[in-house]
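Me: I should like to understand the reasoning behind the terms used for a protein structure. May I put my questions to you one at a time?

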Amino acid sequence: MRGGSKPKTSRGFTLIELLVVIAIIAILIALLLPAVQQAREAARRSTCKNNMKQIGLALHNYHDTHRIFPPGDINAGGYECAWLGTQETRNHTAYLFILPFIEQSVLYNQIDFSKATGSSDGNGACTGPTTGIQTSVTSKPISVFECPSDSYSHGPYSYNSNTAYTTVNDYRTSYSVIYITYGANVSYGASTGTKTAFGRNGAARMRDVRDGTSNSMLMMETPMEKDSPIRGPFWATYVATGAVIAAPYRKINHPTSATNPIAYWGSPGSEHVGGCHALLGDGAVRFISENIDINLLRGIQTINGSEVIGEF
């Protein structure tokens, strides 16, 4: 008679062992997640910087073609429009004029520049457009105008309760021209004294950048989210508080108030940690710390202030 043998048994995981494995996996995920997020942000930040470089090349190509930078805006409607006289508002922006240089010629060729691209007229302070307002052509996002790190919605936005901020299915941009002040009552060509590279109905030539192209900004990043959803900039149409306003009026990531950290209108800034990108006159893109000295920021935002520029 053959002796009996014990049946083989398979040993599984105990509940405690399973919990230990799950805990180890959770710890590993917790350790890896910040690294993954940092890698993603580094990629987004690199794309954002590259966008600004492309815009810089477009501005230089525009200058090579026209011997001047594109106007910051054309016949824009704001609260102070005495300088416009009887001219009708058009609300064209600098972004429209560089479209052919960022591979958007098809879109550019659809725009009728004899018509307005927005109906802002400063609550009747300006002469409103009578030749029609085109919005369907320009009511679309353009990726090169948007920083992928910015989590706020790029649009579309519509607002018509206040005619200094009227928008119809318009999209925001993360990159702004810089104006010397808000509500200037003169066109760029008629203004005197210290200037930025862009302004109303005009802009600088390279020869006007007397502080040196490597020490003068053309554009800066600006958060899409502002203290109010009616603020700009929008790439296809002007609104009264669209452009970045030079320091000392606005710092980088300038908060609306002590209790409201959202960026105040006219402020440069970004969702990158610690500062934002800036496009210089020589085409270089630099990351500028939000802790930069306010007078130094003013010096590099202007093109002819004759300031002594330190390291930035």
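Reply: Certainly. Let us start with Cys-276, which is buried, with a relative accessible area of 0%. Please bear in mind that this is a predicted model.

Me: Why is Cys-276 called buried?

Reply: A residue counts as buried when its relative accessible area is under 20%. The value for Cys-276 is 0%, so Cys-276 meets the definition of buried. Cys-48, likewise at 0%, is buried.

Me: How do you know whether Cys-276 and Cys-48 are bonded or too far apart for a bond?

Reply: The closest cysteine sulfur to that of Cys-276 belongs to Cys-48, at 9.2 Å. A disulfide requires two cysteine sulfur atoms within 2.5 Å. The distance of 9.2 Å is therefore too far for a bond.

Me: What makes the link between Cys-81 and Cys-126 a disulfide?

Reply: The two sulfur atoms are 1.7 Å apart, and the cut-off is 2.5 Å, so the pair satisfies the definition. Cys-81 lies in the loop between β1 and β2, and Cys-126 in the loop between α3 and β3, so the bond ties together parts that are 45 residues apart in sequence. A search of the whole structure finds one disulfide. In general terms, a disulfide is a covalent bond between the sulfur atoms of two cysteines.

Me: Are Cys-81 and Cys-126 buried or exposed?

Reply: Cys-81 has a relative accessible area of 6% and is buried. Cys-126, with 8%, is buried as well.

Me: What makes strand β12 mostly covered?

Reply: Strand β12 spans residues 275-280, and six of its six residues are buried.

Me: How do you know which strands pair with β12?

Reply: Two strands pair if at least two bridges are found between them. Strand β8 (residues 217-221) and β12 have three bridges and pair in the antiparallel sense; here Met-219 stands opposite Leu-279. Strand β13 (residues 285-289) is joined to β12 by five bridges, and these strands also run antiparallel. Ala-278 has Arg-286 in β13 as its bridge partner. Between β12 and β13 the hairpin has four residues, and Gly-283 takes a positive phi near 95°.

Me: Why is the pairing in the sheet called mixed?

Reply: The open sheet has five strands in the order β9-β5-β8-β12-β13. Strands β5 (residues 175-179) and β9 run parallel and are joined by two bridges, whereas β8 and β12 pair in the antiparallel sense. The pairing is mixed. In the parallel pair, Tyr-179 has Ile-245 in β9 as its bridge partner.

Me: What makes β9 and β13 edge strands?

Reply: Each of these two strands pairs on one side only.

Me: Why is the pair of Tyr-95 and Phe-145 called edge-to-face?

Reply: The structure holds 11 aromatic pairs, and Tyr-95 with Phe-145 is one of them. Their ring centres are 5.4 Å apart, while the limit for a pair is 6.5 Å. The angle between the planes is 70°, and angles over 60 degrees count as edge-to-face. The pair links distant parts of the chain, since Tyr-95 is in helix α2 and Phe-145 in the loop between α3 and β3, 50 residues apart.

Me: Why is the pair of Phe-145 and Trp-235 called tilted?

Reply: The centres lie 5.9 Å apart, with 40° between the planes. Stacked rings need an angle under 30 degrees and edge-to-face rings one over 60, so an angle of 40° falls under tilted. Trp-235 lies in the loop between β8 and β9, 90 residues from Phe-145. Tyr-95, Phe-145 and Trp-235 form one aromatic cluster. Tyr-95 is buried at 5%, Phe-145 is buried at 0%, and Trp-235 is buried at 0%.

Me: How do you know that the charged end of Arg-45 sits over the ring of Phe-287?

Reply: The charged end of Arg-45 is 3.9 Å from the ring centre, where the limit is 6 Å; the definition also requires it to be within 35 degrees of the ring normal. The charged end of Arg-286 sits over the ring of Phe-312 too, 4.5 Å from its centre.

Me: Why is the protein chain called more spread out than a compact globule?

Reply: The chain contains four helices and 13 strands. Its radius of gyration is 26 Å, well over the 20 Å that the globule rule gives for 312 residues, so the chain is more spread out than a compact globule. Its C-alpha atoms fill a box of roughly 120 × 45 × 40 Å along the principal axes.

How values were computed: Residues numbered from 1 in each chain as written. Predicted model: local features only at pLDDT ≥ 70, side-chain atom pairs only at ≥ 80, totals over all residues. Heavy atoms only, no water. Buried < 20%, exposed > 50% of the residue type's maximum accessible area, 1.4 Å probe, protein only. Phe/Tyr/Trp six-rings, centres within 6.5 Å; stacked < 30°, edge-to-face > 60°. Rg over C-alpha atoms; globule rule 2.2 N^0.38 Å.
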